[in-house]
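Let's take a walk through this model, starting from a single side chain and working outward. Keep the 3D view open as you read.

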Amino acid sequence: MERTFEALPPARGRGFAQTWWGQAWLKALEDTALDAEQLKKGRRYAREGAVGAVSVRPGRITAVVRDRDRTPHRSDVLLQELGEEDWDRLLDTVADRAGHIAALLDRDMPPHLVEDAAAAGVELLPGIGDLEPECTCGVWDHCPHTAALCYQVARLLDQDPFVLLLMRGRRERELLAELQVRSVARGAWGAEKPPPGDGGVPEPEGAPPGVLAREAFAAADTLPPLPAPPPPVEEPGRPPALGSGTDPAPGLDPAALEFLAADAAARARRMLTEALSPRHELAPLPAELTLDQDAVRLAAACPDARIAARLAAGTGRDRDSLALAVRAWGQGGPASLAVLEEDWNPEPEALARARAQLSAAWADEERAPELRAALNRWTAVGTDTQLRYGRDGRWWPYRKERGRWSPAGPSDHDPASALAALHGPE
């Protein structure tokens with residue numbers, strides 16, 4: 001019931017938590033600690049590699065953390081284990097949705113899993129006051145040593161959410177075995193409806209006759225196999241040439257129609273490729289694009305300046321603003337376009353999370369850039385660079401070019417890394 005992780009290398013120039021659950025872990029630490037100065041020292045210790053091997057077991061994490069003079073201190077952080085009834089409810093919640101199990105196997109912890117667990121009365125992530133410190137340095141509150149341990153564990157949680165589940169009381173192998181048993185039971189009869197003839201709900205009138213699960217499994221060897229999936233398409237089909245032959249109808253643009261047909265073929269090929277990929281059925285449905293977003297997408301794929309001009313006119317843009325939107329689209333699709341064109345005022349919780357990320361982003365607070373905030377935008381004072389905070393919790397770098405703020409790179413969970421793409425590594 002114990003896992004030991006080797007000491008991690010220094011975390012210079014990057015945030016400690018890249019995932020939302022890692023950030024929730026650090027928020028619990030920062031909400032619990034009474035002395036912000038101790039947290040700053042802890043961040044420096046963690047960044048400098050002062051945290052030794054980390055031992056994780058139910059209810060406790062332990063490591064030796066060294067001061068700058070190399071004095072060692074044994075530091076522990078306690079987190080209450082879940083009781084048997086809590087685990088029973090949590091396992092039922094996870095087993096009820098195949099997507100939860102698939103996400104855990106991919107070392108992911110979707111927000112819906114935590115929300116479903118909370119609805120079942122199980123708080124999986126720690127909250128304020130849940131991370132209890134113990135350290136041989138004698139400080140009763142979180143000291144630099146326990147804070148450094150927590151910051152380092154956030155990096156472990158990013159890599160593997162089963163670390164949190166072990167702290168809560170279950171090993172990965174044991175947990176997956178229990179989930180398999182419950183999933184098999186649900187797969188045989190359905191998660192909620194018992195088998196017919198055993199106290200189940202009667203079949204509605206007119207419904208086609210069903211087959212008992214055990215009979216279907218027994219007949220598996222006698223049924224013909226399913227047809228093979230279609231082969232992959234190497235490249236999209238080429239549209240017909242519409243610009244020759246008979247004269248087009250008035251108002252009809254053959255070049256635009258050819259472009260739209262080619263785009264439709266490329267999208268069809270991409271959708272088929274995605275449908276044939278493993279676990280496609282577990283992937284969430286993509287959000288439908290608005291007409292404005294789709295026009296920018298088309299402009300990004302269109303080499304014809306004349307068609308691009310028609311797309312600009314159709315969306316009420318001039319040529320320069322469409323080019324800027326296309327540039328944003330290339331950095332991150334709809335999310336990046338929204339960051340370019342939407343001003344929004346973060347809610348208090350989102351604003352606190354953003355400020356916590358900024359505070360933790362730079363190893364040496366004295367070298368941190370001076371940032372001036374306005375809505376969701378933080379401008380580096382004295383420079384032509386800016387960070388924009390997206391609704392997805394990511395940071396987007398911007399640079400002022402010819403008096404206009406322009407997207408300057410892909411987003412990052414860590415504001416220091418996003419800004420480093422503009423300023424160069426520090």
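Start with Arg60, which counts as partly exposed because its relative accessibility is 22%, and the cut-off for buried is under 20%. Bear in mind throughout that this is a predicted model. Arg60 has a partner: its side chain meets that of Glu134 in a salt bridge, with 3.2 Å from N to O. The two come from distant parts of the chain, with Arg60 in strand 3 (residues 60-66) and Glu134 in strand 5 (residues 132-135), 74 residues apart. Glu134 is partly exposed too, at 34% relative accessibility.

Now head further along the chain to the sheet. Here you'll find five strands in an open, antiparallel arrangement, in the order 6-7-8-9-10. Strand 6 (371-374) and strand 10 (404-407) sit at the edges, each pairing on one side only. Going from neighbour to neighbour, the strands are turned by 30 degrees on average, direction ignored. If you zoom in on strand 6, you can follow its antiparallel pairing with strand 7 (residues 377-380) over four bridges. Leu371, for instance, has Ala380 in strand 7 as its bridge partner.

Two helices come into play here. Helix 13 (residues 319-341) lies across strand 7, strand 8 (385-389), strand 9 (395-401) and strand 10, and runs at about 50 degrees to strand 10. Helix 14 (residues 348-361) packs on the sheet as well, touching strands 6, 7, 8 and 9, and its direction makes about 135 degrees with that of strand 8.

What ties helix 13 to strand 9? Look for Arg327 and Glu401, which form a salt bridge with their closest N and O atoms 2.9 Å apart. Arg327 lies in helix 13 and Glu401 in strand 9, so this pair joins parts that are 74 residues apart in sequence. Arg327 is partly exposed, with a relative accessible area of 33%, and Glu401 is partly exposed at 28%.

Strand 7 has a salt bridge of its own to show: Arg377 pairs with Asp343, the closest N and O atoms being 2.3 Å apart. That contact links strand 7 to the loop between helix 13 and helix 14, across 34 residues. Is Arg377 buried or exposed? Arg377 counts as buried because its relative accessibility is 17%, and the limit is under 20%.

To finish, step back to the whole structure, where a search finds 21 salt bridges. Some are joined up: Glu84, Arg170, Arg171, Glu174 and Glu178 are linked in a salt-bridge network.

Methods: Residues are numbered from 1 along each chain as its sequence is written. This is a predicted model: local features need pLDDT of at least 70, side-chain atom pairs count only at pLDDT 80 or more; totals for chains, interfaces and linings use all residues. Side-chain values use heavy atoms; hydrogens and water are left out. Two strands pair if DSSP finds at least two bridges between them. Axes are lines fitted to C-alpha atoms, for helices over the stretch in contact, and angles run from 0 to 180 degrees between N-to-C directions. Contact means heavy atoms within 4.5 Å. A salt bridge is a side-chain nitrogen of Lys or Arg within 4 Å of a carboxyl oxygen of Asp or Glu. Buried means under 20% relative accessible area, exposed over 50%, partly exposed in between (1.4 Å probe, protein chains only).
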